Amino acid sequence: MRDMWDYLRLEVRRTLRDTGFVIGGIAMPVMMYLLFTNIGDSNDADWRTASMVGMAAYGAVGSALNTGGGVAEDRALGWLRQLRVTPITPRRVVAGRALTGSVTVLPAICVVLLAGGLVNGVRLEVWQWALTALLLWLGSIPFTLLGLGNGYGLTAQTAGVANMVCNLGLAVLGGLWFPVALFPHWLRSVSAYTPTNRFAQLGVSVTQGHAPAASAILVLSVWLPAFGSYAVLSYRRNAGTV
Amino acid sequence: MTRTPRAVSFTGAAKTFGDVCAVDGVTLEIERGETVALLGRNGAGKSTAISLLLGLNAPDAGTVELFGAPPEQAVRAGLVGAMLQEARAVPRLTVRELVAFVAGRYPDPLPLARVLDLAGITELAARRVDRLSGGQTQRVRFAVALAGNPSLLVLDEPTAALDVEARRAFWDSMRAYARGGRTVLFSTHYLEEADAYADRILVLDRGRIVADGTGEELRHAAGGSLVAFDLAGRGTAGLELLPGVRSVEVRGDRARLRTDDSDATVIALAGLGAIRGLQVAPASLDEAFLALTGAPHERETV
């Protein structure tokens, strides 16, 4: 087990030293949050809260996908190959990577929630803050798996593009940037099936003081195994080449 | 009585990529404590042989064993350290962090200070790996290979990016490490390196082992010596029939005879009166290598 924890620490350290990650995965969501909730006539407490959850989710999705980008980069560098000629087992390397994703999503979630509470005056009960953060954290797991699927399955350049498309596409489509209510009707019905929309919904329902809708749980419980299988298949297909 | 298993053992190992047979039925054994060079031109199959040895690829046919076990098992047990050819620097880590992490994976690693000292990177310990020069990166990769104190050290073209001075320093470090009874296998396309630093040279050509022995033995196997003299207008007919002569080559007005028995050849030439400008020289390892691999003469500049 020490292998895996040491590997996790090593990779978290590498991720946090990545300027691209710090800007794109942490600074961007919080800046967008503050911008979108403070321009024009947006003195709307509900929107400040909903956008806080949306942008925290957006940051979490970006950070989760970034883990996969790291995998693709490490494959190209030969780092994963080098690890294969040390005693650490490939299984622990994969597990360590997945855990890296679950650690590196935390800064984005925390920073955006802090901005909501301290800058935008979002008021919630303590348990609501805690549960929102927890659900955003757990809800990011499918996106880490999606990122790992891209990272193991695609080349470094393609994985970078795929992650960006997934990140922006799912964020916009899922209503993380703009309220779904602004969408035309047909797009709204598509949005309801996206993992990002349901991911944010988990947090939003907590901030509104009620349990997440069963449909949200249902949609996410379809996406989780789908992304999980994608990650496993990509890994298996390329296990011999890393 | 059970025999201690050999460090490396290939039995009819073969690996094909597409329609290229990169390793074509290799059988070889390396005893513990040997320092062996795997010598071959680019594309001879050295890197594939090393991937098979490390368990990074499985052979299509035959078997590969390290210390009597499948390579993966020996790797998991911490018996193997490797410097891979294509690996680049791992970004956003310091030298110390990287080497300490790898050392920590092995059951009985070398002390960190000793690793850094052996690789000559003590003063680089706090530097980030991705901000080092090519030669420094190469030394860090060497440190990564030996950090775990492995019984078998595998180095795939370890000096490719180094200048002459750095090369010498590198080989000194390698020897210091090998001295403790460890087994070292390195691949190279530099004959001088193979000759100077290995106990034994395996010559790989087109996926096959074409020679196996010390530098001296390879020189001999390729046709002991070279006898040259001025033809001074005479023909070359019959020269190839002289005692010991294997081949005859004419360059300008000089005949160059490759011979197994230079004494007999010279006496026979003296009998013919063909001794103007006579020279006898041992075959160089270069010539031995070319004779073994049948390659055109294209030496790499060191």
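A salt bridge is a side-chain nitrogen of Lys or Arg within 4 Å of a carboxyl oxygen of Asp or Glu. By this rule, the structure holds 27 salt bridges over all chains. The model shown in these views is predicted.

**View 1. Chain B meets chain A.** On the chain B side, 28 residues are in contact with 25 residues of chain A. Together the two chains bury about 2,600 Å². Carbon and sulfur atoms account for 55% of that area. The rule finds five salt bridges across this interface. There are also 14 residue pairs in polar contact between chain B and chain A, counting pairs with both residues at pLDDT 80 or more. Four elements of chain B each supply at least two residues of the side that touches chain A: α1 (46-54), α2 (71-76), β5 (80-83) and α3 (95-103). The largest share comes from α3(B), with four residues. Sorted by class, the side of chain B that touches chain A has 16 nonpolar, five polar and seven charged residues.

**View 2. A salt bridge crosses from chain B to chain A.** Side chains of opposite charge can pair when their charged atoms come close. Here the side chains of B:Arg105 and A:Asp6 meet in a salt bridge, at 2.9 Å from N to O. A:Asp6 also meets A:Arg9 in a salt bridge, at 3.7 Å from N to O. A:Asp6 and A:Arg9 are three residues apart in helix α1 (residues 2-16) of chain A, so about one helical turn separates them. Is A:Asp6 buried or exposed? A:Asp6 has a relative accessible area of 16%, so A:Asp6 counts as buried. A:Arg9 has 52% relative accessibility, so A:Arg9 counts as exposed. The links spread further: A:Arg2, A:Asp3, A:Asp6, A:Arg9, A:Arg92 and B:Arg105 are joined in a network of salt bridges.

**View 3. A buried pair in helix α1 of chain A.** The side chains of A:Arg14 and A:Glu11 meet in a salt bridge, at 3.1 Å from N to O. Both residues lie in helix α1 of chain A. They are three residues apart, about one turn of the helix. A:Arg14 is at 2% relative accessibility, so A:Arg14 counts as buried. A:Glu11 is buried too, at 1% relative accessibility.

**View 4. A salt bridge between two strands of chain B.** The side chains of B:Arg254 and B:Asp230 meet in a salt bridge, at 2.8 Å from N to O. This pair links distant parts of the chain, 24 residues apart. B:Arg254 is in strand β12 (residues 254-259) of chain B, and B:Asp230 is in strand β10 (residues 225-230) of chain B. B:Arg254 is partly exposed, with a relative accessible area of 24%. B:Asp230 is also partly exposed, at 22%.

**View 5. Strand β6 of chain B is covered on both faces.** Strand β6 spans residues 152-156 of chain B, and five of its five residues are buried. One side carries B:Leu152, B:Val154 and B:Asp156. The other side carries B:Leu153 and B:Leu155. What does β6(B) pair with? Strand β5(B) runs parallel to β6(B), joined by four bridges. Within this pairing, B:Val80 stands opposite B:Leu152. Strand β7 (residues 183-188) of chain B also pairs with β6(B) in the parallel sense, over five bridges. There, B:Val184 is the bridge partner of B:Leu153.

**View 6. Strand β3 of chain B pairs with β7(B) and β8(B).** Strand β3 covers residues 35-39 of chain B, and five of its five residues are buried. B:Thr35, B:Ala37 and B:Leu39 are on one side, with B:Val36 and B:Leu38 on the other. β3(B) and β7(B) pair in the parallel sense over five bridges. Four bridges join β3(B) to strand β8 (residues 200-205) of chain B, also parallel. Follow B:Leu38: its bridge partner in β7(B) is B:Ser187, and its bridge partner in β8(B) is B:Leu202.

**View 7. Two buried residues and their neighbours.** B:Met83 sits in strand β5 of chain B. At 1% relative accessibility, B:Met83 counts as buried. Leaving out residues up to four places away in sequence, B:Met83 touches nine residues listed here: B:Gln138, B:Arg141, B:Phe142, B:Ala145, B:Val154, B:Leu155, B:Asp156, B:Pro158 and B:Phe170. In chain A, A:Ser63 lies in helix α3 (residues 45-77). A:Ser63 is buried, at 0% relative accessibility. With the same sequence limit, A:Ser63 touches A:Phe21, A:Gly25, A:Thr104, A:Val105 and A:Ala108.

Note on methods. Residues numbered from 1 in each chain as written. Chains lettered and ligands numbered in written order. Predicted model: local features only at pLDDT ≥ 70, side-chain atom pairs only at ≥ 80, totals over all residues. Heavy atoms only, no water. Contact = heavy atoms within 4.5 Å. Buried area = accessible area lost by both parts, 1.4 Å probe. Polar contact = N/O pair within 3.5 Å; in protein donor to acceptor, adjacent residues only side chain to side chain. Nonpolar A, V, L, I, M, F, W, Y, C, P; charged D, E, K, R; others polar. Buried < 20%, exposed > 50% of the residue type's maximum accessible area, 1.4 Å probe, protein only. Pairing = 2+ DSSP bridges.
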